[in-house]
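Morning, everyone. Let's go straight to the inside of this protein. Please bring the structure up on the screen.

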Amino acid sequence: MEKASKALRRSSVRLKSMSSGYQELSMVISELRGVRSTAKAFAEAQCSAAQDMLKWSLTEENPAIRDTFFQLSELSALWTEVQKEFADHLKEFVIQFEMILEGEHHVDQARTHVAASERRAVKIKNKLNKASKRGNVEETRQLEMKLTEAKDSCDLAQIEMSDRIQENEGVKLIRVKEGLLKLSDSYLELAHKCHIIHEAHRDIAYQIPDVHNKELHEITYAGPELSKQAVLTAKDRVRLYNRHAEHAGAPVHEGPPPPYSPPRDLCNTTPYNPYYTHPFYISPHTFGSHETNDENSSNRYVLKHMNKEKCVYT
């Protein structure tokens with residue numbers, strides 16, 4: 001069904017643009033709009049899933065599960081906002097191609113004006129030949145003056161068309177280059193912020209206590225403070241991110257990339273986050289020690305106001 005819908009949409013775009021002669025450019029614009037709508041739908045689906053996971057966690061008695069998904073919902077909201085910004089950047093990229101198409105239409109108008117001027121000159125020339133054969137001197141003189149004006153108008157239209165074509169080609173290069181550079185920066189910004197957010201996501205998941213070879217009453221959870229710190233750190237890093245400062249001093253490498261050196265021991269490597277000042281540890285507190293009135297009231301607040309938040313954006 002999805003493939004059929006896509007084929008129908010592409011055929012519709014080709015039919016609509018057939019008269020203009022810019023089918024491929026129109027198809028590019030249509031597909032880029034599809035990329036943006038798909039990116040928005042993906043972000044909305046992730047947001048909805050995160051909200052459902054939070055609702056489920058708040059029904060659980062385990063404080064590790066409740067706290068983990070509460071903090072992850074904060075990261076999910078941040079990730080949704082980042083993807084919204086990326087979708088806006090995609091829209092800007094689409095606008096560049098829409099402006100290119102508009103420039104092509106302006107060139108077509110200049111070509112149409114030249115063609116109309118040439119037809120007018122040819123029509124006057126035919127009348128002049130007929131008048132010359134009839135021997136009508138006055139009519140011949142008037143038609144010669146009109147033909148001269150028509151030829152001057154045609155030459156002027158040719159010059160304007162040439163200038164319009166050169167200007168359009170120059171503007172087209174500028175729009176393509178700026179659009180591609182901004183799109184690259186947008187993807188790099190998305191990737192960088194994705195790394196920040198999901199690095200914090202992983203660090204929060206690490207705080208969930210291991211249950212291997214342990215009895216349930218022996219399991220302890222010391223994650224609330226570290227998880228909260230991970231979220232705050234991620235928010236600060238995303239907020240302070242500057243795409244221009246991040247890539248302004250990036251060197252341009254020439255030649256093949258350096259050889260890859262794998263880590264010595266991936267299995268025994270302890271997870272490390274340089275943005276934390278405290279190491280990972282498990283305190284002797286039990287699950288029940290974190291069930292405070294403040295936490296319960298916070299959970300009720302989340303359940304009450306969760307449905308007011310929407311994942312949909314334009």
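Start with the lining of the second largest cavity: by class, three residues are nonpolar, two are polar and three are charged. Keep in mind that this is a predicted model.

Which residues line this cavity? They are V82, E85, F86, H89, S186, E189, L190 and K193. Two elements, α3 and α4, each give two or more residues to that lining. The volume here is about 40 Å³. In total, the structure holds two cavities of 30 Å³ or more.

Now, the packing. Nonpolar side chains tend to be buried together in soluble globular proteins. How many residues does the largest nonpolar core have here? It has 27. V82, which we just met in the cavity lining, is among the residues with the most contacts inside this core. The others in that group are L25, L75, F97, I197, I204 and V238.

Which helices supply this core with at least two residues each? Four of them do: α2 (23-57), α3 (63-134), α4 (137-206) and α5 (224-239). The biggest contribution comes from α3, with 13 residues.

Let's zoom in on I204. Leaving out residues up to four places away in sequence, I204 touches T68, Q71, L72 and L75. I204 also touches S227, A230 and V231. Find L75 again: like I204, L75 belongs to the group with the most contacts inside the largest core.

One last stop. There is a second, separate core of seven residues. Among them are A121, I124, L147 and A150.

That's my tour. Over to you.

Technical notes:
Residues are numbered from 1 along each chain as its sequence is written. This is a predicted model: local features need pLDDT of at least 70, side-chain atom pairs count only at pLDDT 80 or more; totals for chains, interfaces and linings use all residues. Side-chain values use heavy atoms; hydrogens and water are left out. A nonpolar core is a set of buried Ala, Val, Leu, Ile, Met, Phe, Trp, Tyr and Cys residues joined through side-chain atoms within 4.5 Å. Buried means under 20% relative accessible area, exposed over 50%, partly exposed in between (1.4 Å probe, protein chains only). Helices (H or I, at least four residues) and strands (E, at least two) are DSSP runs, numbered from the N terminus. Contact means heavy atoms within 4.5 Å. On a 1 Å grid over the protein atoms alone, a cavity is a set of points where a 1.4 Å probe fits but cannot get out, and a pocket is an open set with protein on both sides within 12 Å along at least five of seven lines; lining residues have an atom within 4 Å of a point. Grid points are joined across faces, edges and corners, and a volume is the space filled by probe spheres set on the points. Ala, Val, Leu, Ile, Met, Phe, Trp, Tyr, Cys and Pro count as nonpolar, Asp, Glu, Lys and Arg as charged, and the others, Gly among them, as polar.
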